[in-house]
Structure formats: structure tokens, C-alpha cells
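User: I'd like to learn how to read a structure like this one feature by feature. Could you walk me through it?

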Amino acid sequence: MQNSEVKIFDAMNAGRTFGHGKKLVTAVDDVTFDIKDGEIVSLVGGSGCGKSVLAKMMLGLYRPTSGTFLHKGQPITDLKEHWREVQSVFQDPFSCFNQFFTIRSQLKAAFGIYKIKPSDKEMEDRVDQALLAVNVKPSEVAGKYPFELSGGQMQRMLLARIFVLRPKVLIADEPTSMVDACVRANILDYLMKLKEELNMTIVFITHDIGLAYYVSDRLFIMHKGKIVEQGTPDDVTVHPKCEHTVQLLEDIPEIHKEWIKK
Amino acid sequence: MKLLKNLLKSPMFVIGMSLFLVTILIAIFGPLFYAINTDRVGVPYDMPNAQFWLGLDNYGRDYVSLLIRGLGSSLYVGVIAGVIATTIGTLIGLYGGFKGGLADDILSVLTNLFVVIPQFVILILISTTFEKRSLALVAMIIGFTAWTWSARGVRAQAAALKSKDHISLARLNGDNTLKVLVVHILPYILSYVFMVFILQVSSGILSEAAISMIGLGPTGDNAISLGVILNDANRYGGLSDKNWHAFIPATCVISALVFALYLINTSMEGVFNPRLRK
């Protein structure tokens, strides 16, 4: 299904710094990569390696301070238009929703990116369908407040939001790092479901190279703001070229490694 | 509701709130039970007696009447100054803290500029430019000079919230800055803003007393505030000649009022901040 002609993202020597003078921090340093339509790419790296900043650059929340960063060959200018195509789920399901509003009203708020909002009835219907898609009964959770739900339920609500918006590209910023193993498998299932239904391009951000190995078409390894290695999961894990990749691989629990060898 | 329950469990809040309610009730309903008379009724500095419980002032006016009126004025000045200072501080703090970058730098410099110039000096300078000062004007002058600390506090709170995921999500929903500030940041810091407001009210009351004490308070024949009472006592020999009734009652009322507000503020901190909850 991959259409290699269309590049969803195309970064050339893109960088992002924060602050100035002595306090200058380089979060993303001179990265060059492209992501093709329909690909699942994993961005792997330890804490503070700049992967979340790179994710926010893909979302248009941060502009590059150097180099070029293109979405479908164009710089990201109209953010609302960008967000109709590129959406995200975040790491911490508890802090993702405003504690003062119900789930339903917050899922409906996602329609804010449309130029013309659908009718109220249609928005309600789409929210209900999205909740059903993540195996949640709308009548049970939609009227609740975020603090009344568990972490796993909240993470599903984030995914329901994606089912509501049906974007072309999903930036998944460590969506499984704060939930237990059982929920993690669920979430990955939903991601795959989205991918199949919408032929979605997914950028999967994680520190878990083992998980990345299973889900992705290509792996990008990040270290100190740079992409130090990129390639297919097999290339990267079997023949790592960079010491940081080796380091990440060594950090995988033993039992995991045996599975990889198979 | 749960919040109120927690608050009522705190003895500090109960004491502070009751004290504050008593002062408000006296200011509002006192005139119904006590015949307020701010005209001359006897000789200057007549000592407390059965007819005039707290004696008479330098013009021979009844101190109880003056205190009830003064309490009302001080509360009025405090609340108006508090509303103005908190509103300005919250707006500046919210915007600067959330926007960051150049807008934040400019607003921070502005705020710090006002922080380093002593508020009291500005208060004096502005007050002297007005020949006639009504209570409302004094309240406004205090309000417009007192916002700096609330701006700093709110800025810190907003800056801490801005990197939270729910803000990013709100932006991905296409919410504009105003909506993010009002819907996604303000509710989270509302309890803080309310605490700031209470402190601003109490500092407004103190500022009014201080500025009146040096004779720059509200002017006019019927401008009676706690600060003006103290100023009169100071100017007309109330502090000498054993005229204790000229300043002790007024001082006690101001202290009680400010003490009550501080108690409320401190107890709220304990309730709003789960880590301080016992």
C-alpha cells in the first residue's frame, strides 16, 4: 500500500533550539530524514534525546529554527489545516484532558479544527462511533470527567479522539509508556486498526526499541538531538552501526532479546 | 462541595471566616442596630462612657459610629483595590506566562520595574497629584499600583501549566490563545487567583490605612475610613494625653480584619494544595 512518491514529512538539516546566549539549548540538531505515505516509523531514544520536540515539530507546534521541515513538500503554515491531517496522542493520559469538562465535550472540541463544523447531531454520532471503535460504551464514559476514569480508559479516550478526527498522519508520543502491559497490547491493536482502516502514516515515539521493532517499517535512533541511525528494524537491531543503538539494544531485558533472535 | 467541607474542617478557616463575616455584618447591618451619628455630640476626646461606648474624637464625634462607617469604607476600598489588582495581575501573568518569548520578557520587565519601585512611593506620588480624593479613587490608585506580585505569581503558575499535555491537545483542537487561557489554564489556577485576591484585599485595606495615616487618604467631610480615624488621632493629639480610645479601637479593627483575611488565605492554601492537607 506504500506510495513512495508522496513524502509526508521531509526534513533537511532541520534543527530546533530554545533560549539564546548562554542558555541556548539545542533540542533537535541538524536532522535529515523523510517519512513516506503509509509508513510506520519509530523514533527511538532515551529521555531528553529530543524525540518529543521533533514530534512537536511534526505537529507544527514548534517551528524549526534552522534547516527546512516540509509536510507534503510544503512548509507548515496553516496550522488548523495541518491538524486536520496530522494529529497526535500523548504520553500521559491523565494530563491530556482538561479536568473541568466531560469527556464528550472534549471529544467534540476536536471538531474545532474544521472550517465548517458538522451539525451537533453528527458530532455526537461521530463521538459515539469513535468510542465504540475503542470498545467503550458511550453511555458509560462520555458524561464522565477525566478524573473519574482509569489510565487505560483515558488512553483509549485519546485514541477515540483520533477515531473522531480520522487524520492521515498520527504522531504517537509514547502512548504506551504509562499504561500496564494489558492495556499496551490493546492500544497497539487500535493503532493497527487505525492504520488498516485509514492507511494512516504513524510516527511512533518510544524509548522501547523492542516494541519499536515489532510495530515499525523503519526505525530512527535519536541521541542528543541527532538522528544517529535509520533503517529497517532488522538492519538496525541486527547490525547496529552506532554505539548509541548498541546501548539501547543492551538495555532491553534478556527475555526480550531471545524473542528478537527468533 | 467537598472543598467547602475540607475548608470547614480547618479551624483556621472557621476562625478567619467567622471573624471576617462578623466585620462585614457589622459594616453592613451595624447602622440598623446602632444609630450612626457622625456629627458633633460632645466635648473633644470625651472618655468612653455609658452613652458613648468608645468615647468621642477630636471633633467630639462618637467613635462607635465612626468605626462602623470606617470599617465599611475600608472594606469597600480593600475589595475594589483587590479586584483591580487581581484582574490586572491575572491578565498580565496569564498572558506572559503562557505566551513566553518576547511578550513574556516585556511583561516581566514591566512587572519587575513596578516591583522594585516601592509601591508606597508610587502611591504617595499619585495620591498627591489629586487634590480631592474619593474613596473609589483611593481604591483605584491602590489597585493600579498593587498588581505586581499577583502578576508574578500567576505568571509562574501559567508558565508551569503551559507545557502540560492538555494544552497541546487543546491547540491540536484548534483552540486560539484566548480560549486556551480562559478554558484550559484559568480553571486550573482559579484557586490560586482567589487566594491572591484575598491577600490583595487585605493589603488594600492596609495600604488605605497607611496612606490615610500620612494624610493622603480619602478627602471630604464624610470620608471616614479606619486610616482617616487614625490620621485624625495622630494629628490632633490622640496619641498623647492618655487618649487611648482615639487609636486603639481603630487599630484593633484593622488588625482583626487583616488577620481574618490572612487566616482565610493560609487555610485555603492547606486545602487547595493536597500536599499540605493533613
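**A hairpin in chain A**

Analyst: Gladly. Let's begin with a residue pair: A:His223 stands opposite A:Lys226, which belongs to E10(A). Please keep in mind that this is a predicted model.

User: Which strands pair here, and in what sense do they run?

Analyst: Strand E9 (residues 218–223) of chain A pairs with strand E10 (residues 226–231) of chain A, in the antiparallel sense and over 5 bridges. As general background, side chains in a regular strand alternate between the two faces of the sheet.

User: How many residues lie between the strands of that hairpin, and which residue takes a positive phi?

Analyst: There are 2 residues between E9(A) and E10(A), and A:Lys224 in this hairpin has a positive phi near 45 degrees.

User: How do I read whether a residue such as A:Thr237 is buried or exposed?

Analyst: Count the neighbours: a residue is called buried if 20 or more other C-beta atoms lie within 10 Å of its own. A:Thr237, located in helix H9 (residues 233–238) of chain A, has 21 such atoms within 10 Å and is therefore buried. You can also relate A:Thr237 to the hairpin: its C-alpha atom is 9.2 Å from that of A:Leu219, a residue 18 positions apart from it along the chain.

User: And where does A:Arg184 sit, and what does it touch?

Analyst: A:Arg184 is part of helix H7 (residues 181–198) of chain A. Because 18 other C-beta atoms lie within 10 Å, A:Arg184 counts as partly exposed. Leaving out residues up to four places away in sequence, A:Arg184 touches A:Thr176 and A:Val179. For a longer-range view, the C-alpha atoms of A:Arg184 and A:Ile113 are 29 Å apart, with 71 residues of separation along the chain.

User: Let's turn to chain B. What does its secondary structure come to?

Analyst: Chain B has 11 helices and 0 strands. Its C-alpha trace spans about 75 × 45 × 30 Å along the principal axes. Of the 278 residues in chain B, 45% are buried. Among contacts in chain B with a separation of 6 or more, 68% join residues 24 or more positions apart.

User: How do I describe two helices that pack together?

Analyst: Two packed helices are described by the angle between their axes and the distance between the axes. In chain B, the axes of H9(B) and helix H10 (residues 226–235) come within 7 Å and cross at roughly 30 degrees. Angles under 35 degrees count as roughly parallel, and H9(B) and H10(B) are therefore roughly parallel to each other. The crossing of H9(B) past H10(B) is right-handed.

User: Which residues meet where H9(B) and H10(B) are in contact?

Analyst: From H9(B), the residues include B:Glu208, B:Ala209 and B:Ile211, while the H10(B) side includes B:Leu226, B:Val228 and B:Leu230. Sorted by class, this contact has 7 nonpolar, 4 polar and 1 charged residues.

User: Finally, how many residues does each chain bring to the contact between chains A and B?

Analyst: Chain A brings 17 residues and chain B brings 12 residues. On the side of chain B that touches chain A, helix H8 (165–172) and helix H9 (177–213) each supply at least two residues. H8(B) gives the largest share of that side, 6 residues. By class, the chain B side consists of 3 nonpolar, 5 polar and 4 charged residues.

How values were computed:
Residues are numbered from 1 along each chain as its sequence is written. Chains are lettered from A and ligands numbered from 1 in the order in which they are written. This is a predicted model: local features need pLDDT of at least 70, side-chain atom pairs count only at pLDDT 80 or more; totals for chains, interfaces and linings use all residues. Two residues are in contact if their C-beta atoms, placed from the backbone, lie within 7 Å. Helices (H or I, at least four residues) and strands (E, at least two) are DSSP runs, numbered from the N terminus. Ala, Val, Leu, Ile, Met, Phe, Trp, Tyr, Cys and Pro count as nonpolar, Asp, Glu, Lys and Arg as charged, and the others, Gly among them, as polar. Two strands pair if DSSP finds at least two bridges between them. Axes are lines fitted to C-alpha atoms, for helices over the stretch in contact, and angles run from 0 to 180 degrees between N-to-C directions. Angles under 35 degrees count as roughly parallel, over 145 as roughly antiparallel, 65 to 115 as roughly perpendicular and the rest as oblique. A crossing is left-handed if the near helix is turned anticlockwise from the far one by less than a right angle, and right-handed if clockwise. A residue is buried if 20 or more other C-beta atoms lie within 10 Å of its own, exposed if 12 or fewer, and partly exposed in between; C-beta atoms are placed from the backbone.
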